[in-house]
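Grab a pencil and open the viewer. Here are a few short exercises, each with a solution you can follow step by step.

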Amino acid sequence: MINPFILAALLVTYGTNALAFDINPFKEYNGGAELVQTFEQPALEMMVSSIIHPVHEELTVKTLFLVRDSHMPGAELIDDDLIKKVIRGARWNDDPLHFLPEYPRQWLMNFERASELAEQGGINENFDLFYRSHHADLQFLHAMASTETESAQLTRNAILSWIELTYKVASGYIPVQTPFRKLGNFLTPRTAQFVKKYFTKNGRRLNWTPAYLFSLKCTREVMPPSAVGVLDCADTPWLPPKQDVQNIALGSLLHVIQDSFSDSHVTRHPDYEGNYSLIHGRSAVQAFNAYQKQSIRLHRGADSYPRDFDQPLQQQGFNLEEVSAEIISYALSDRKRARHQNRHAIVTAKLKKGLFRLLEPNAEAGSGKYK
Ligand SMILES: [Zn+2]
């Protein structure tokens with residue numbers, strides 16, 4: 001039972017972060033386009049709408065069905081197990097320590113703690129991925145700027161580096177047991193620098209591998225209101241099957257693409273009135289937004305189901321499902337190709353001049369309509 005005062009404080013401060021779209025880890029894929037309830041939805045989380053609507057998950061299923069039903073290359077690899085693991089990956093960016101669904105209280109209390117610390121500017125690279133994903137320097141995992149002054153180009157480079165890394169893991173170019181200290185052998189110079197900056201700085205995580213990163217499963221006792229215990233990742237399975245790691249990496253890549261259609265995260269052309277998201281017929285990037293510049297309440301409006309979720313794709317501009325399906329198809333069919341034929345460079349180039357084309361590369365992080 002949680003003290004109601006703590007809960008109230010928690011709900012007020014909740015949200016100084018980049019989260020969109022919503023996830024719901026208490027529901028599972030069951031063969032259909034909509035996820036079904038399998039875990040009991042905790043009452044506490046009912047009040048936190050970010051973990052109610054399985055938006056990321058259903059966008060992921062929609063996209064995988066598109067690849068499968070239109071028989072795109074690689075479609076033959078799509079089965080229920082792959083779909084479940086890609087969904088897990090689409091949740092990873094919001095829950096990189098895999099607290100959910102077993103430890104919802106830890107997820108929330110750690111989130112609250114991170115919000116408090118972030119307001120004091122107290123989160124640095126020594127903090128774990130959960131803290132950093134939502135409130136600090138890893139907000140590229142949600143297609144957002146991490147600071148108010150970050151340029152669009154800087155945010156985009158971080159996004160493209162994350163996509164390069166996850167694509168190379170997902171497509172089999174990087175073996176899943178490669179230690180981080182050797183990742184540079186597989187990466188472009190820019191992305192090798194990115195790994196140093198965000199993951200291995202000061203000799204940290206040198207022996208981590210993609211398999212470990214994407215299968216982390218941790219707990220951490222929380223003693224409200226301000227103390228948290230030591231992170232315990234003893235539950236992490238050390239040798240998950242290769243395909244599982246690849247599929248989770250693919251899901252994490254899709255999460256960034258999906259979030260880049262959230263109107264509160266990225267201001268895209270063409271402009272429209274209203275605080276909601278559209279996933280069809282969108283165009284180039286005007287600005288990546290910074291959460292610190294936004295009103296939490298307004299931002300949330302764009303994080304539920306996109307307004308055109310059930311509408312047909314548009315002829316003009318980018319459709320989320322199409323962009324994602326193309327990447328999935330490349331990644332799955334690259335698994336069967338020789339390493340030197342891996343098409344990561346094609347994928348990056350397409351995104352750079354397509355979905356992540358910048359109208360103003362030097363534009364500072366914005367607030368969109370969510371000030
Ligand atoms: Zn996100």
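To get your bearings: this predicted model is a chain with 13 helices and six strands.

**Exercise 1.** Work out how far you can trust the model, and where to be careful.

*Solution.* Start with the whole chain: the average pLDDT is 88, and 90% of the residues score at least 70. Next, look at residues 1-18, where the pLDDT is below 50. That stretch still has 34 contacts in the model beyond near neighbours in sequence. Don't lean on such details, though: where pLDDT is low, the predicted coordinates should not be read in detail.

**Exercise 2.** Decide whether the radius of gyration of the chain agrees with that of a compact globule.

*Solution.* First, take the expected value: for 371 residues, a compact globule would have a radius of gyration near 21 Å. Then compare: the chain has 19 Å, which agrees. Now add the burial: 49% of the 371 residues count as buried. Finally, check the contacts between residues at least 6 apart in sequence: 75% of them join residues at least 24 apart.

**Exercise 3.** Find the buried residues of helix α13 and say how they are arranged around its axis.

*Solution.* Begin with the list: in α13 (residues 344-353), His344, Val347 and Leu351 are buried. Now look down the axis: these buried residues fall within an arc of 65°, so they line one face of the helix. Turn to the face pointing away from that buried side, and you meet the exposed residues Ala345, Ile346, Ala349 and Lys353. Last, ask what covers the buried residues of α13: the cover includes α7 (152-170) and α12 (320-334).

Conventions: Residues are numbered from 1 along each chain as its sequence is written. This is a predicted model: local features need pLDDT of at least 70, side-chain atom pairs count only at pLDDT 80 or more; totals for chains, interfaces and linings use all residues. pLDDT is the predictor's confidence in each residue, from 0 to 100. Two residues are in contact if their C-beta atoms, placed from the backbone, lie within 7 Å. A residue is buried if 20 or more other C-beta atoms lie within 10 Å of its own, exposed if 12 or fewer, and partly exposed in between; C-beta atoms are placed from the backbone. Helices (H or I, at least four residues) and strands (E, at least two) are DSSP runs, numbered from the N terminus. The arc is that of the directions from the helix axis to the C-beta atoms. The radius of gyration is taken over C-alpha atoms; the globule rule is 2.2 Å times the number of residues to the power 0.38.
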